[in-house]
Amino acid sequence: MEWGRDANAWEWLRHAACTGVDPELFFPVGDSGPAVEQAERAKKVCHSCPVESQCLEWALATGRTSGVWGGTDEEERRRLRRRAGRRGAPDGPPARPRRSAAPGRQRRP
């Protein structure tokens with residue numbers, strides 16, 4: 001989906017559970033103590049949201065690096081992007097390196 005080019009691409013936002021919530025809840029400062037608790041409260045809002053998956057898709061597609069989006073924090077989205085990158089290019093996952101044959105043995109063709 002081309003985010004931002006089509007007005008219908010933003011239709012999901014009208015149904016978001018966060019629209020009536022203080023936006024600062026979704027941008028905790030730090031990654032310990034009160035910030036962790038704040039992020040968990042924000043994620044609870046996300047997990048009750050009917051468009052949580054669309055929000056996460058948007059956050060990943062647009063490279064959101066801060067805040068809670070689609071029920072994920074910065075580190076969770078970083079892991080999702082890394083995992084997606086390891087799967088490789090659109091042609092499929094990268095080829096696995098071939099292991100060498102054990103000493104004194106030949107590899108079968």
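This briefing walks through two pockets and two buried residues. The model is predicted, so keep that in mind as you read. The largest pocket holds about 260 Å³ of space, and the second largest holds about 200 Å³. Their linings have quite a different make-up by class: 16 nonpolar, two polar and one charged residue in the largest pocket, against five nonpolar, one polar and seven charged in the second largest.

**The largest pocket**

- About 260 Å³ of space sits in here, and 19 residues do the lining.
- If you want to find the centre, look for C18, F26, C55, V68 and W69, the lining residues closest to that point.
- Two elements, α1 (34-47) and α2 (52-62), each give two or more residues to the lining.
- On the class count, 16 of the lining residues are nonpolar, while two are polar and one is charged.

**The second largest pocket**

- This one has about 200 Å³ of space and a lining of 13 residues.
- Nearest its centre you'll find G30, D31, A39, D73 and E74.
- Here the elements with two or more lining residues are α1 and α3 (74-86).
- Helix α1 supplies the largest share of this lining, with five residues.
- Sorted by class, the lining comes out as seven charged, five nonpolar and one polar.

**T72, in the loop between α2 and α3**

- T72 belongs to the loop that runs between α2 and α3.
- Is T72 buried or exposed? Its relative accessibility is 9%, and buried means under 20%, so T72 counts as buried.
- The T72 side chain reaches the backbone oxygen of W69 at 2.8 Å, and W69 also turns up among the residues closest to the centre of the largest pocket.
- Setting aside neighbours within four places in sequence, T72 touches K43, L56, G67, R77 and L80.

**L25, in the segment before α1**

- L25 comes in the segment ahead of α1.
- With 16% relative accessibility, L25 falls under the 20% cut-off and therefore counts as buried too.
- Which residues is L25 in contact with, leaving aside neighbours within four places in sequence? They are Q38, R41, A42 and V45.
- L25 and G67 are 42 residues apart along the chain, and their C-alpha atoms are separated by 8.8 Å.
- G67 is also one of the contacts of T72.

Key: Residues are numbered from 1 along each chain as its sequence is written. This is a predicted model: local features need pLDDT of at least 70, side-chain atom pairs count only at pLDDT 80 or more; totals for chains, interfaces and linings use all residues. Side-chain values use heavy atoms; hydrogens and water are left out. On a 1 Å grid over the protein atoms alone, a cavity is a set of points where a 1.4 Å probe fits but cannot get out, and a pocket is an open set with protein on both sides within 12 Å along at least five of seven lines; lining residues have an atom within 4 Å of a point. Grid points are joined across faces, edges and corners, and a volume is the space filled by probe spheres set on the points. Helices (H or I, at least four residues) and strands (E, at least two) are DSSP runs, numbered from the N terminus. Ala, Val, Leu, Ile, Met, Phe, Trp, Tyr, Cys and Pro count as nonpolar, Asp, Glu, Lys and Arg as charged, and the others, Gly among them, as polar. Buried means under 20% relative accessible area, exposed over 50%, partly exposed in between (1.4 Å probe, protein chains only). A polar contact is a pair of N or O atoms within 3.5 Å; within protein, one must be able to donate a hydrogen and the other to accept it, and residues adjacent in sequence count only if both atoms are side-chain atoms. Contact means heavy atoms within 4.5 Å.
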